[in-house]
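Q: I have this structure open and need help reading it. Please keep the answers plain.

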Amino acid sequence: MADLKDPLLPPKLATTINVREAVNRPMGAGRQLYQGVDVLELKKRGQSLRSWIRVDMSGDSQIIEVDKFTMMRRCDLPARDLRLLDPLFVYPSTILGREKAIVINLEQIRCIITAEEVFLLHSLDSYSWNYVMELQRRLASTSVGEPGDAWQSDNFDVNRSRGSRNFDNDFRNNSSPDYLPFEFRALEVALESACTFLDSQVSELEIEAYPLLDELTSKISTLNLERARRLKSRLVALTRRVQKVRDEIEQLMDDDGDMAEMYLTEKKRRMELSFYGDQSLYKAIDGVSISAPVSPVSSPQDYRKLEKSMSSARSRHESTRSSDSATESIEELEMLLEAYFVVIDSTLNKLTSLKEYIDDTEDFINIQLDNVRNQLIQFELLLTTATFVVAIFSVVAGVFGMNFDISLFRVPKAFQWVLIITGICGVLIFSAFVCFFKYRRLMPL
């Protein structure tokens, strides 16, 4: 019985004594214990609370602590999308349009935008709070008489009582070319923050780069070359980040499906209109059945015919209205993205100009170094020629230094004549070499 009960009982928790015993055990015996601790730690880390800044349509903000699974259920997002917002991971800039939310990872801005609220990942830097304050300012400036008020809870009850027709008319009358839904306003603030942040970094890099490059052209030193190398490394990294933001905006502009997917307010309106249409359909059917009673045999057929005709008419009306609104929304979002595409493209052009200036400076430095190298080679050539001429004196000295007796040693002033003749020959030979070098273009004229 003891052998049967042991597999069914839960494992005992490791106390301090059990841990000491596990340490004293061999490696194979304690491996399962440490593997279990790692799995539990990973589970706790995945279920930990994370701080978010929530901003609603009225501009009110609050700091909330929500775990990952709650945020996934609330915004209807998969885990891989929330992984893009994790500050522990380094992901490139991304803008994703989902069914009920827009996931944004643009430099320091990591947020989730829905049709009614924004969830910004709370961090200690000032960029998050600048984003919140700018979004609140824009929401406050358009809060009076804006079309977004039709989405508030009070008007929501009024529209629900009036029915789908009045709801649609109110939305159509309140719409204007300058109106942007809530999610587009939040997206615009995020794009503006990212573009402003990148442009400020480019400006700082330009202020530091141009004086350094000008100094490097006039004075080539190891310190200036090291500073230029670090500057170029920063330039390459910043260019990669700006290029990624530009490519992300351009990819959204080229795909109409992705832009239509990001119109969260329109999708929410369609769902509500569909819900109101179903309610009005049921009320109409109930009114017909109550006011005009028919025979039990013919009533099911009339019921099905009436439901089929009303559903087909509603679907045609919805498809026409949704296609028109989808085209308008795509145009609005495309104009918004195009404006910031021009801004980020201008920032990229600044980096490209700076990179070209660095390349020109490198070419100029290489030309200077080549010139100095050529001068050294020419000087070395002259020294070699002079050494050859001096070697002639060594040959003459070696010849006259032999231990033999000749009559020339007894001639007065013979030593002077030997020196004069040898010097004249050396000068003639050196001049002949220099003329030959100039003739062959080995030395400047």
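**A loop, some charges and a few odd spots**

Q: Where is D255?
A: D255 sits in the loop between α10 and α11 (256–261). Helices (H or I, at least four residues) and strands (E, at least two) are DSSP runs, numbered from the N terminus.

Q: Anything I should know before trusting the details?
A: This is a predicted model, so local features need pLDDT of at least 70 and side-chain atom pairs count only at pLDDT 80 or more, while totals for chains, interfaces and linings use all residues. Residues are numbered from 1 along each chain as its sequence is written, and side-chain values use heavy atoms, with hydrogens and water left out.

Q: OK, back to D255. How accessible is it?
A: D255 is partly exposed, at 33% relative accessibility. Buried means under 20% relative accessible area, exposed over 50%, and partly exposed in between (1.4 Å probe, protein chains only).

Q: Which surface patch does D255 help form?
A: D254, D255, D256 and D258 form a negative surface patch. Lys and Arg count as positive and Asp and Glu as negative, while His and the chain ends are not counted. A charge is placed at NZ of Lys, CZ of Arg, CG of Asp or CD of Glu. Patches are made of residues with over 30% relative accessible area and no salt bridge; like charges are joined within 9 Å, and nonpolar side chains (Val, Leu, Ile, Met, Phe, Trp, Tyr) within 5 Å.

Q: Which residues make the nonpolar patch, then?
A: V395, V399, F400, L408, F409 and V411 make a nonpolar surface patch of about 490 Å². F409 is in the loop between α13 (299–400) and α14 (414–439). F409 has a relative accessible area of 40%, so it counts as partly exposed.

Q: Zooming out, how many helices and strands are there?
A: The chain has 14 helices and six strands. Of its 445 residues, 32% are buried. The chain exposes about 28,400 Å², and carbon and sulfur atoms supply 59% of that. Accessible areas come from the Shrake-Rupley method with a 1.4 Å probe, and for residues only the protein chains shown count as cover.

Q: What share of the contacts is between residues 24 or more positions apart?
A: Such pairs account for 68% of the contacts with a separation of 6 or more. Contact means heavy atoms within 4.5 Å.

Q: New topic. How many salt bridges are there?
A: The count is 24. A salt bridge is a side-chain nitrogen of Lys or Arg within 4 Å of a carboxyl oxygen of Asp or Glu. Side chains of opposite charge can pair when their charged atoms come close.

Q: Which residue does E117 pair with?
A: E117 forms a salt bridge with R74, at 3.4 Å from N to O. E117 lies in strand β6 (residues 117–121) and R74 in helix α4 (residues 68–75), so the pair ties together parts that are 43 residues apart in sequence.

Q: Are those two buried or partly exposed?
A: E117 counts as buried, at 11% relative accessibility. R74 is partly exposed, at 44%.

Q: What about E208, which partner does it have?
A: R234, with the closest N and O atoms 2.8 Å apart. E208 is in helix α9 (residues 182–218) and R234 in helix α10 (residues 222–254), so this pair links distant parts of the chain, 26 residues apart.

Q: And R373 with D370, how far apart are they in the helix?
A: R373 and D370 are three residues apart in helix α13, so about one helical turn separates them. Their side chains meet in a salt bridge at 2.5 Å, N to O.

Q: Which residues form a network of salt bridges?
A: E134, R137, R138, E188 and E192.

Q: Which opposite charge is nearest to E206?
A: K350, at 5.3 Å; E206 is buried yet has no salt bridge. E206 is found in helix α9. Leaving aside neighbours within four places in sequence, E206 is in contact with P211, K350 and L354.

Q: Last one. What is odd about the phi of D76?
A: D76 has a positive phi of about 55° although it is not a glycine. Most residues other than glycine have a negative phi. D76 is in the loop between α4 and α5 (79–83). E107 also has a positive phi of about 55° and is not a glycine. E107 is in the loop between β4 (102–106) and β5 (109–113). E107 is buried, with a relative accessible area of 15%, while D76 is partly exposed at 42%.
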